[in-house]
Amino acid sequence: MCNFNKQNDDTKELLHLLMKKVADSVGGANFLLALIEEMKKQKPNALMYKHAKIQSEQLTISWNKIVFKDKLEILEEVLHSHKSSEGQDFNILESDSAKKSKKILNMVKALAPITFVVTPKDVENGGGFDFKVFESIEDDNVKINPIFVAMFFCSTDFTKRALKYNS
């Protein structure tokens, strides 16, 4: 899923538009990429950072709830199992076992209320943006937000490719 070259053309175009829009709202691609680099420095994952806030030179990302290791591991497993998906529209509830589906559903319930807010330190750079972990949550269909995946799980190179993509 984090391999930009393996995405289909529609998904590449969608990712390009989404990442371009969020980059423009915070002062440009370089500011966004610098924030992602800062987030990558947090080990094992920025989502578990106890202050729920990370700052780069120009931007700040904050969120309203720390993600615990057990939920992060389930999320990583879901993303890994859909690694080869060429589209962003996969349903994360599709699982081969009822036990695994229940764990995924519990993770969705725990992470759904989290909102991430990205704000520039200088208001002249834009108004910023916010996003959630999931793009849509319906009874038997949950789609993960591609901005969330790009920010927390994909490489900076993935975001660069998305920003530079021309159809």
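This is a working chat about one predicted model, going through its sheet, core, aromatic pairs, salt bridges and one loop residue.

Biologist: Let's start with the sheet. In what order do the strands run, and is the pairing parallel or antiparallel?

Modeller: The sheet is open and has 4 strands, in the order β1-β2-β3-β4, with antiparallel pairing. At the edges are β1 (53-55) and β4 (129-132), each of which pairs on one side only. On average, neighbouring strands in this sheet are turned by 15° against each other, direction ignored.

Biologist: What packs on the sheet?

Modeller: Helix α2, residues 29-40, does. Helix α2 touches β1, β2, β3 and β4, and its direction makes about 50° with that of β2.

Biologist: And over how many bridges do β2 and β3 pair?

Modeller: Over 5 bridges, in the antiparallel sense; β2 covers residues 59-63 and β3 covers residues 115-120. To place yourself in that pairing, look for Leu59, which stands opposite Pro120 in β3.

Biologist: What holds strands together in general?

Modeller: Strands of a sheet pair through backbone hydrogen bonds, and the pairing is either parallel or antiparallel.

Biologist: Moving on to the core. Which residues touch the most other members?

Modeller: Ile61 and Met151 do, in the largest nonpolar core, which has 52 residues. Helix α5 gives the largest share of this core, 6 residues.

Biologist: What does Met151 touch?

Modeller: Leaving out residues up to four places away in sequence, Met151 touches Leu32, Leu35, Ile36, Met39, Lys40, Ile61, Val118, Phe129 and Phe131. So Ile61, named with Met151 for touching the most other core members, is also one of the residues in contact with Met151.

Biologist: Several Phe names there. How many aromatic pairs are there?

Modeller: The count is 10 aromatic pairs. One of them joins Phe4 and Phe158 edge-to-face, at 5.8 Å centre to centre with 80° between the planes.

Biologist: Where do Phe4 and Phe158 sit in the chain?

Modeller: Phe4 is in the segment before α1, and Phe158 is in helix α6, residues 156-164. They are 154 residues apart, and the pair links distant parts of the chain. Phe4 and Phe158 are both buried.

Biologist: What about Phe116 and Phe148, what kind of pair do they form?

Modeller: A tilted one, with 5.6 Å centre to centre and 35° between the planes. Phe116 is in strand β3 and Phe148 is in helix α5, so this pair ties together parts that are 32 residues apart in sequence.

Biologist: Is Phe116 buried or exposed? And Phe148, buried or exposed?

Modeller: Phe116 is buried, at 0% relative accessible area. Phe148 is buried too, with 0% relative accessibility.

Biologist: Which residues do the ring pairs link into a cluster?

Modeller: Trp63, Phe116, Phe129, Phe131, Phe148, Phe152 and Phe153. Two of these, Phe129 and Phe131, have already come up as contacts of Met151.

Biologist: Now charges. How many salt bridges?

Modeller: There are 6 salt bridges. Among them is Lys20 with Asp24, where the closest N and O atoms are 3.4 Å apart.

Biologist: Why are Lys20 and Asp24 separated by about one helical turn?

Modeller: Because they are 4 residues apart in helix α1, residues 9-24. Lys20 is partly exposed at 38% relative accessible area, and Asp24 is partly exposed at 47%.

Biologist: What about Lys69, which residue does it bridge to?

Modeller: Lys69 forms a salt bridge with Glu73, with the closest N and O atoms 3.9 Å apart. These two are 4 residues apart in helix α3, residues 69-81, which means they are separated by about one helical turn. Lys69 is exposed at 52% relative accessibility, while Glu73 is partly exposed at 43%.

Biologist: And Glu38, how far from Lys41?

Modeller: Their closest N and O atoms are 3.0 Å apart, in a salt bridge. Glu38 counts as partly exposed, at 23% relative accessibility, and Lys41 counts as exposed, at 55%.

Biologist: Last topic, a loop. Where does Asn145 lie?

Modeller: Asn145 lies in the loop between β6 (141-144) and α5 (146-152).

Biologist: Does Asn145 count as buried or exposed, and why?

Modeller: Buried, because its relative accessibility is 11% and the cut-off for buried is under 20%. Apart from neighbours within four places in sequence, Asn145 is in contact with Phe131, Lys132, Val133, Phe134 and Glu135.

Technical notes. Residues are numbered from 1 along each chain as its sequence is written. This is a predicted model: local features need pLDDT of at least 70, side-chain atom pairs count only at pLDDT 80 or more; totals for chains, interfaces and linings use all residues. Side-chain values use heavy atoms; hydrogens and water are left out. Buried means under 20% relative accessible area, exposed over 50%, partly exposed in between (1.4 Å probe, protein chains only). Contact means heavy atoms within 4.5 Å. A salt bridge is a side-chain nitrogen of Lys or Arg within 4 Å of a carboxyl oxygen of Asp or Glu. Two strands pair if DSSP finds at least two bridges between them. Axes are lines fitted to C-alpha atoms, for helices over the stretch in contact, and angles run from 0 to 180 degrees between N-to-C directions. A nonpolar core is a set of buried Ala, Val, Leu, Ile, Met, Phe, Trp, Tyr and Cys residues joined through side-chain atoms within 4.5 Å. Rings of Phe, Tyr and Trp (its six-membered ring) pair if their centres lie within 6.5 Å; planes under 30 degrees apart count as stacked, over 60 as edge-to-face and the rest as tilted.
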